[in-house]
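Hi,

Here is the structure I promised to pass on. Have a look at it first, and then read my notes below.

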Amino acid sequence: MNLKDQIESLGKEAVELIKKVESLDKLNSLRVEYLGKKGKLKTILKTLGKLSPEERKEIGQLANRIKEQIEDLIKEKEVQLKEKALEEELKKHKIDITLPSAWIEAGSSHPIISTLVEISQIFISMGFSVAEGPEVEKEEYNFDMLNIPKDHPARDMQDTFFLNNGDLLRTHTSPVQIRTMLTRKPPIAVIAPGRVYRKDADPTHSPMFHQIEGLLVDTDVTFTDLKGILKIFLESVFGKNVGIRFRPSYFPFTEPSAEVDISCTVCGGEGCRVCKGTGWLEILGCGMVDPNVFEAVSIDPEKYTGFAFGLGIERIAMLKYRINDIRLLFENDMRFNHQFKGIR
Ligand code: FA5
């Protein structure tokens, strides 16, 4: 076969193959095979030197035409294959916009949080403002300045989580009383909600729980004011028929001190495992601020009096929603949590 025929048949062969090709990779291989530096066309053209100048011109022009023809065809095929690939890709990722979207359930407040907010709002409506303190606390604020002696059992390693540096996880919200009285002068009316920690665990005790501290300091504050405020608060949460009982008690930072029980709402006062068969449940400790505490924060105990209280939010949530085990509040079992949907 002469050179002209060889080039023409090479052109035909390439055209046939390019027409049939189905992928961009194969198309590229054909480009290299026919038009590449070591491709078939270049190989044939290497023999051009042996021809006469006229023949070389004629064959050169033919070779260029065939080369352009192959290049055009490759370009055209490339466009077609790219379009096809894009279509296939789009088909794979087709989105059916008529399909209903995945169901995302709206969240709602946890009963501890809704109880905390409800209690806070009752006190805020009576003129108290909200104060805050850290959960990692100094022994000085958690115990010393609250008139809790060094040998008091509450400091025992069994009750308190101590950190290596001597600080501790606060065991109650009462240190916020100290922090507040160190930075503000009377009249003071604050509540301090927050987490507290103790080495304690049974159906009514949790190692982490929430308290709300209350503190009112002014001239002429009496125990009657304390009783009145707590009665208003408890009746707002549990209704006018709730049984309320003040029991004399002892806290180093209040004198006199009391604990307040309310009639057990889980059993209606008949006795159950929540109230340990007594029909009553202790929900808070309270009393008149001890003069030693006033002295520790440089408030004149001759001029000012005050009351303080600290209540357990979980206990109140348990009584309000008749929950018979405190641990249910922390397990995050959705079957439990779902029952509180719709609560503020
Ligand atoms: C105190 O913590 C005092 N700081 C309260 C106080 C404040 C008294 C101001 C006087 C003046 P107590 O340890 O009793 O007191 O705890 C207060 C309330 O927290 C209890 O009545 C109870 O409702 C709740 N409580 C105590 N321990 C736990 C616990 N482990 N889990 C859940 N609730 C608890």
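Which residue forms a salt bridge with Arg247? The partner is Glu259, and the closest N and O atoms of the two are 3.1 Å apart. This pair links distant parts of the chain, with Glu259 in strand 7 and Arg247 in strand 6, 12 residues apart. Before you go further, please keep in mind that this is a predicted model.

The two partners sit in different surroundings, if you go by the cut-offs of under 20% for buried and over 50% for exposed. Glu259 has a relative accessible area of 15%, so it is buried. Arg247 comes out at 26% and therefore counts as partly exposed. The pair also belongs to a wider group: Arg245, Arg247, Glu259 and Asp261 are linked in a network of salt bridges.

Now for the strands around that pair. Strand 6 covers residues 244–251 and runs antiparallel to strand 7, with 7 bridges joining them. The two form a hairpin, and 2 residues lie between them. If you want a spot to look at, find Phe246, which stands opposite Val260 in strand 7.

Strand 7 also pairs with strand 8, again in the antiparallel sense, over 8 bridges. Here Glu259 turns up once more, this time standing opposite Gly285 in strand 8. So strand 7 has strand 6 as one partner and strand 8 as another. How many of the 10 residues of strand 7 are buried? The count is 7, over a strand that spans residues 254–263, so strand 7 is largely enclosed by the rest of the structure.

Strand 8 takes in residues 280–289, and Val289 is found in it. Is Val289 buried or exposed? Its relative accessible area is 6%, so Val289 is buried. Leaving aside residues up to four places away in sequence, Val289 touches Leu215, Phe253, Thr254, Phe294, Gly306, Phe307 and Ala308. You can also check Val289 against Pro256: their C-alpha atoms are separated by 8.3 Å, while the two residues are 33 apart along the chain.

Back to salt bridges, because there are others to see: the count comes to 18. Glu235 is a good one to click on. The side chains of Glu235 and Lys231 meet in a salt bridge at 3.1 Å, N to O. Both residues lie in helix 8 (residues 223–238), and they are 4 residues apart, about one turn of the helix. Glu235 also forms a salt bridge with Lys240, where the closest N and O atoms are 3.4 Å apart.

Those three residues differ in how much of them is accessible. Glu235 is buried, because its relative accessible area is 16%. Lys231, at 45% relative accessibility, counts as partly exposed. Lys240 reaches 67%, so it counts as exposed.

One last stop is Thr115, which is found in helix 5 (residues 111–125). With a relative accessible area of 1%, Thr115 is buried. What does Thr115 touch, not counting residues up to four places away in sequence? The list is Ile313, Ile316, Ala317 and Tyr321.

Happy browsing!

Notes: Residues numbered from 1 in each chain as written. Predicted model: local features only at pLDDT ≥ 70, side-chain atom pairs only at ≥ 80, totals over all residues. Heavy atoms only, no water. Buried < 20%, exposed > 50% of the residue type's maximum accessible area, 1.4 Å probe, protein only. Contact = heavy atoms within 4.5 Å. Pairing = 2+ DSSP bridges. Salt bridge = Lys/Arg side-chain N within 4 Å of Asp/Glu carboxyl O.
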